[in-house]
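Load the model, switch to a cartoon view and colour by chain. The stops below are given in the order in which to select them.

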Amino acid sequence: MTPPAATASPALLEVDNLRTYFATDAGDAKAVDGVSFSIGAGKTLAVVGESGCGKTVTALSILQLIPQPPGRFVTGTIRFDGRDLLRLPKHELRAIRGGSIAMIFQEPGTSLNPVFTVGRQIAEAIRLHRKLPASQVRDEVLRCLKAVQVSDPERRIDQYPHEMSGGMKQRVMIAMALSCNPKLLIADEPTTAVDVTIQARILDLLRDIQADRGMAILLITHDLGVVAELADEVVVMYAGKVIERATAEELFANPRHPYTLGLFASLPRVDQKQGRLQAIEGSVPAATRFPEGCRFRERCRWAGAECQQEPPLVALGKVGLGQEHQVACWKHAEIAAANAAIVA
Amino acid sequence: MPATRPATPAANRKSHTPLLDVHDLFKHFPVRGGLLSRVRNQLKAVDGVSFSLGAGKTLGLVGESGCGKTTVGRTILRLIPATSGSVLFEGHDVLSVDRHTLRNLRRRMQIIFQDPYGSLNPRMTVQQIVAEPLYVHGMAKGQVLRDEVSALLKQVGLRAEAMNRYPHEFSGGQRQRIGVARALALKPAFIVCDEPTSALDVSIRAQIINLLQDLQQAMGLSYLMISHDLGVVRHISDEVAVMYLGKIVEQASTEALYGDPRHPYTQVLLSAIPVPDPKLRASRAPRVRALDRDDNVPSPINVPAGCAFHPRCPLYAAKGRPVECRTLMPELLPRKSDRSHAVRCHFTDDSAMAGG
């Protein structure tokens, strides 16, 4: 069904200039406003940002899980495996959803249907997307549960979601997502609702599965710790825009946008002692009332006259793994120089 | 009901009286089931917890969901009745005083809740929300009350114009500031902070932590900081207690707890936190893998025999499954080298190591 991957483009998923707006009484909410990024096969890209920055809408836009209306795609292309998802007929899109692109959500408790056994729910995904004889479906479900290291899968397969802990339910969600061998897994805050010891094990699992299957992961999170654990590349979003983009190592070693710098400085660290936290003053503006020009300028202590104009996402030069470090800030050189002076 | 009295860390036996002294606190919830709703079992949410808190100090209480940390906070304030134990606050036992005395004590002890959306009445204006404690306790009315509210709002970084608006008009961080203003209204000495920053974004979280620290400095407040976020607790606490299935398993100064954790659960907890540095990824992955293989954490209804942590304990496995871990609940004992550092484990404390 799927045509062979276009060899000309190395990227598995390419999002270009995506704008997803929502009509509200107060005008258009520009939840995602000109976002571009790409993910290579087998790689992990993290989209980081706080509530309301547009990271979840970006993820939902890829699978077109946005209710229309009030939502609408104003501009953009989403190329997956050589095809533009935004212009695909419904039945082809349906084959991709849950098939070659799977998604897991933050709340495993509410994403599973409470009245069916988990085995039946995983089997449903397999029956919809794979032509497998009915007699083999149960074995396949067991194989999926084993792949996500569910203990005692023969017993678990006939259990209902309420009989399981949060961590186990998230494993079942992952099993369901993996059941059709996706090329891309979209994980929207996959560990936000679980305890920290369970989170560590889920992150380990995602890493192992990726190493085994060479599946790409689009990780949506607000947690910089989780980003550091999994991501190859990071996109930082603020108010519907990408404001910085780099490899994970580069971004953590050398953050350049004042918002990214602020995020790092405001983090209470468990691994070191710190003085007073550097909070970012104010709060994220509402999506219907983004300021003109740089959307961060009202909270930015570096803001000047030029910030009335929208800053383009510009490359700083080639660094690490041949990826570019890009930042959308008029003042980034000035800030870097000032910070270097403080350190020196 | 308590069979054994857990030992109190030596640090708690100082000569001067602490502001708050919790001793042997138990809170068991009956679990009902069946046709006649008979009591089938006991959920041991808090199972013999003792600690004390000095004036102007912060004690962090950490642990995962279901460990009983929130129940400790609510039981101390007598928002829910305790099963047994005592809570001495400014010379009175909160759990046994009459209603009149309790009312007076409640002026001095307050709580800030996790969810700034659920904890503010949407039908009340900010003025009404913040004024309510003052009004209920007959502390002020009329213009004095209005002035007091506007001073409180200023203290938490909100403008006086906020008074006539409703909670839905504010962001999460601003709402949490309103919750803080309400808690401060009666000039308390002690505040239970129950996950005050868990529902907030990173940049806003730092604002609220800084606010809590500033207020502590200015007013000499004591905090019981209940949180699952070990970063926040490290930042704000003088002392930290780690809870597991209703019991404190380790208690120490913040420095000792994070610098030299002795209980295997504390070690597991600390190693599980993702560190925001991609370069450390490779070096720490194996430690996380040392964790138990089953996601089903034991519940406080069916607490394992012996040390409650033994089925998940990497040390128990490494030691060849010693029988005492399976049969005997270790006591919370101070370490010989540091009397203020107490650990509930048969094996991690150096004295036990030397003996065994």
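**Stop 1: the sheet of chain B**

Select β1(B) and β4(B): these antiparallel strands are joined by five bridges. One bridge to pick out pairs B:D21 with B:L88, the latter in β4(B). The model is a predicted one, and local features are described where pLDDT is at least 70.

Keep B:L88 selected and add β5(B), where B:D93 stands opposite B:L88. The strands β4(B) and β5(B) run antiparallel and are joined by two bridges. They also form a hairpin, with two residues between the strands. In that turn, show the backbone of B:E90, which has a positive phi of about 45 degrees. Most residues other than glycine have a negative phi.

Now return to β1(B), residues 20-33, and add β2(B); the two pair in the antiparallel sense over twelve bridges. Within this pairing, find B:V22 and its bridge partner B:F51 in β2(B).

Which strands form the whole sheet, and in what order? Selecting all four shows an open sheet with the order β2-β1-β4-β5 (chain B), paired in the antiparallel sense. Its edge strands are β2 (38-53) and β5 (92-93) of chain B, each of which pairs on one side only. Next add helix α1 of chain B, residues 69-76, which packs on the sheet. The helix touches β1, β2 and β4 (84-89) of chain B, and its direction makes about 115 degrees with that of β1(B).

**Stop 2: the sheet of chain A**

Hide chain B and select the sheet strands of chain A. Here four strands form an open sheet in the order β2-β1-β4-β5 (chain A), and the pairing is antiparallel. The edges are β2 (27-40) and β5 (83-84) of chain A, each pairing on one side only.

Zoom in on β4 of chain A, residues 71-80, and β5(A): two bridges hold this antiparallel pair. A:R79 has A:D84 in β5(A) as its bridge partner.

Then move to strand β1 of chain A, residues 11-24, and select A:N17. The phi of A:N17 is near 50 degrees, a positive value in a residue other than glycine.

**Stop 3: two cis peptide bonds and a long-range pair**

Which peptide bonds should be displayed around A:P69? The bond from A:Q68 to A:P69 is cis, with omega near -15 degrees. The bond from A:P69 to A:P70 is cis as well, with omega near 5 degrees. A:P69 lies in the loop between α1 and β4 of chain A, and A:P70 is found in that loop too. For reference, most peptide bonds are trans.

Now show the side chains of A:K55 and A:E189, which form a salt bridge with the closest N and O atoms 3.9 Å apart. This pair links distant parts of the chain, 134 residues apart. A:K55 belongs to helix α1 (residues 55-62) of chain A, and A:E189 sits in the loop between β7 (184-188) and α8 of chain A. Over all chains, the count comes to 28 salt bridges.

**Stop 4: the interface**

Bring chain B back and select the residues in contact between the chains: 52 residues from chain A and 43 residues from chain B. Chain A and chain B bury about 4,200 Å² between them, with 51% of this area on carbon and sulfur atoms. On the chain A side, highlight A:T197, A:R201 and A:V270: these lose the most area to chain B, together 16% of what that side buries.

How many salt bridges cross between chain A and chain B? The rule finds one. To see a salt bridge between the chains, show the side chains of B:D214 and A:R276, at 2.8 Å from N to O. Polar contacts between chain A and chain B come to twelve residue pairs, with both residues at pLDDT 80 or more.

Finally, colour the chain A side by element. Those giving two or more residues to the side that touches chain B are α7 (166-178), α8 (196-213), α9 (224-230) and α10 (248-253) of chain A. Of these, α8(A) gives the most, with ten residues. Recolouring by residue class divides this side of chain A into 21 nonpolar, 15 polar and 16 charged residues.

Conventions:
Residues are numbered from 1 along each chain as its sequence is written. Chains are lettered from A and ligands numbered from 1 in the order in which they are written. Side-chain values use heavy atoms; hydrogens and water are left out. Two strands pair if DSSP finds at least two bridges between them. Contact means heavy atoms within 4.5 Å. Axes are lines fitted to C-alpha atoms, for helices over the stretch in contact, and angles run from 0 to 180 degrees between N-to-C directions. Buried area is the accessible area (1.4 Å probe) that two parts lose on being put together, summed over both. A salt bridge is a side-chain nitrogen of Lys or Arg within 4 Å of a carboxyl oxygen of Asp or Glu. A polar contact is a pair of N or O atoms within 3.5 Å; within protein, one must be able to donate a hydrogen and the other to accept it, and residues adjacent in sequence count only if both atoms are side-chain atoms. Ala, Val, Leu, Ile, Met, Phe, Trp, Tyr, Cys and Pro count as nonpolar, Asp, Glu, Lys and Arg as charged, and the others, Gly among them, as polar.
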